[in-house]
Amino acid sequence: MNSDPAPLPRILILASGSGTNLQALIDASRVRGFPGQIVAVGCNRPNAFALERAAQAHLETFVVDHTKYGSREEFDGALMAEIRRHNPDLVLLAGFMRILTTDFVRALRGTMLNIHPSLLPRYTGLNTHQRALDAGDKVHGVSVHFVTEELDGGPVIAQAEVTIDPDDTADSLAEKVQQKEHLLYPIVARWFCEGRIQLGSDYVLFDGELLRQPMRLPDDRVVH
Ligand code: GRF
């Protein structure tokens with residue numbers, strides 16, 4: 001009889017920039033008992049600091065430089081080939097600044113998550129902090145969602161809020177939101193690896209039940 005423990009779910013992370021979320025995921029995955037293993041980090045920018053973080057953590061890295069491809073389809077094809085090589089169970093977009101083609105997204109349906117710096121469905125796209133300020137919002141935050149064909153539009157799994165203070169700027173807000181991001185993404189990655197979250201047709205199943213509201217992370221605690 002084979003008594004080897006089951007292999008941990010394989011996580012592949014895609015990033016484009018400084019990689020602070022990547023770092024949070026690396027740190028979480030190193031804690032004893034984390035139910036997944038990061039198998040590779042991919043980047044579309046050869047100089048991204050995220051690559052350095054991955055190398056420091058002795059993780060395998062790859063670069064698919066979008067400037068070297070004539071079309072989105074070609075770029076996505078090359079990226080998919082790299083992803084397939086690592087056979088991941090979960091793909092995490094962590095500040096990956098490329099719009100992905102429909103075919104690419106469909107191929108990874110239910111296994112790809114993104115972190116977005118707003119309380120979706122508010123403020124899809126860019127400049128979310130400034131837009132929240134301009135709208136006079138009192139709260140802002142971050143969402144982790146399944147990636148579907150609609151940009152930043154897939155079903156939301158979990159959110160964390162921050163309060164907008166009168167003297168907040170886009171930069172100060174970004175900093176507050178990032179602190180929450182670094183708590184939230186590892187928690188959701190853990191849930192996925194434990195098999196607790198699944199994508200239905202246009203909804204999330206949490207522990208096999210329809211998730212009616214995104215999970216919330218107030219004051220560093222998760223409450224259902
Ligand atoms: C984060 O704010 C994330 O929400 C957004 O891109 C940013 C990435 O930051 N999708 P970092 O590279 O993880 O520091």
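The exercises below, each with a worked solution, concern a predicted model of a protein with a ligand.

**Exercise 1. Find the ligand's site and list the residues around the ligand.**

Step 1. Start with the location: the ligand sits in the largest pocket.

Step 2. Collect the shell. The residues around the ligand are Ser-18, Gly-19, Thr-20, Asn-21, Gly-95, Ile-115, His-116, Pro-117, Gln-178 and Glu-181.

Step 3. Sort the shell by residue class. The division is 2 nonpolar, 7 polar and 1 charged.

**Exercise 2. Identify the polar atom pairs that Thr-20, Ile-115 and Glu-181 form with the ligand, then state how much of the ligand the protein covers.**

Step 1. Take Thr-20: a polar atom of its side chain is 2.5 Å from a ligand oxygen.

Step 2. Take Ile-115. Here a backbone N or O atom lies 2.9 Å from a nitrogen atom of the ligand.

Step 3. Take Glu-181, where a side-chain N or O atom is 2.7 Å from an oxygen atom of the ligand.

Step 4. Turn to the cover. On its own the ligand has 360 Å² of accessible area, and the protein covers 84% of that.

Step 5. Assign the shell to elements. Those that give two or more residues are α1 (20–29), β5 (112–116) and α6 (170–193).

**Exercise 3. Decide whether His-86 and Asn-87 are buried or exposed, and describe the setting of each.**

Step 1. Place His-86 in helix α3, which spans residues 72–86.

Step 2. His-86 has a relative accessible area of 5%, so it is buried, the limit being under 20%.

Step 3. Look at the side chain of His-86, which makes a polar contact with the side chain of Arg-85 at 3.5 Å.

Step 4. Place Asn-87 in the loop between α3 and β4 (90–93). Its relative accessible area is 55%, so Asn-87 is exposed, the limit being over 50%.

Step 5. Check the backbone of Asn-87: phi is near 45°, a positive value in a residue other than glycine. Most residues other than glycine have a negative phi.

**Exercise 4. Examine the loop between β5 and α5 through Pro-121 and Asn-127.**

Step 1. Pro-121 belongs to this loop, and the peptide bond from Leu-120 to Pro-121 is cis, with omega near 15°. Most peptide bonds are trans.

Step 2. Asn-127 is also placed in the loop between β5 and α5 (128–134). Asn-127 counts as exposed because its relative accessibility is 60%.

Step 3. Compare positions: Asn-127 and Pro-117 are 10 residues apart along the chain, and their C-alpha atoms are separated by 9.1 Å.

How values were computed: Residues numbered from 1 in each chain as written. Predicted model: local features only at pLDDT ≥ 70, side-chain atom pairs only at ≥ 80, totals over all residues. Heavy atoms only, no water. Near = heavy atom within 4 Å. Polar contact = N/O pair within 3.5 Å; in protein donor to acceptor, adjacent residues only side chain to side chain. Areas by Shrake-Rupley, 256 points an atom, 1.4 Å probe, with all protein chains shown as cover. 1 Å grid on protein atoms, 1.4 Å probe; cavity = no way out; pocket = protein on both sides within 12 Å on 5 of 7 lines; lining within 4 Å. Sits in = over half its atoms within 2 Å of the grid points. Helix = DSSP H or I, 4+ residues; strand = E, 2+ residues; numbered from the N terminus. Nonpolar A, V, L, I, M, F, W, Y, C, P; charged D, E, K, R; others polar. Buried < 20%, exposed > 50% of the residue type's maximum accessible area, 1.4 Å probe, protein only.
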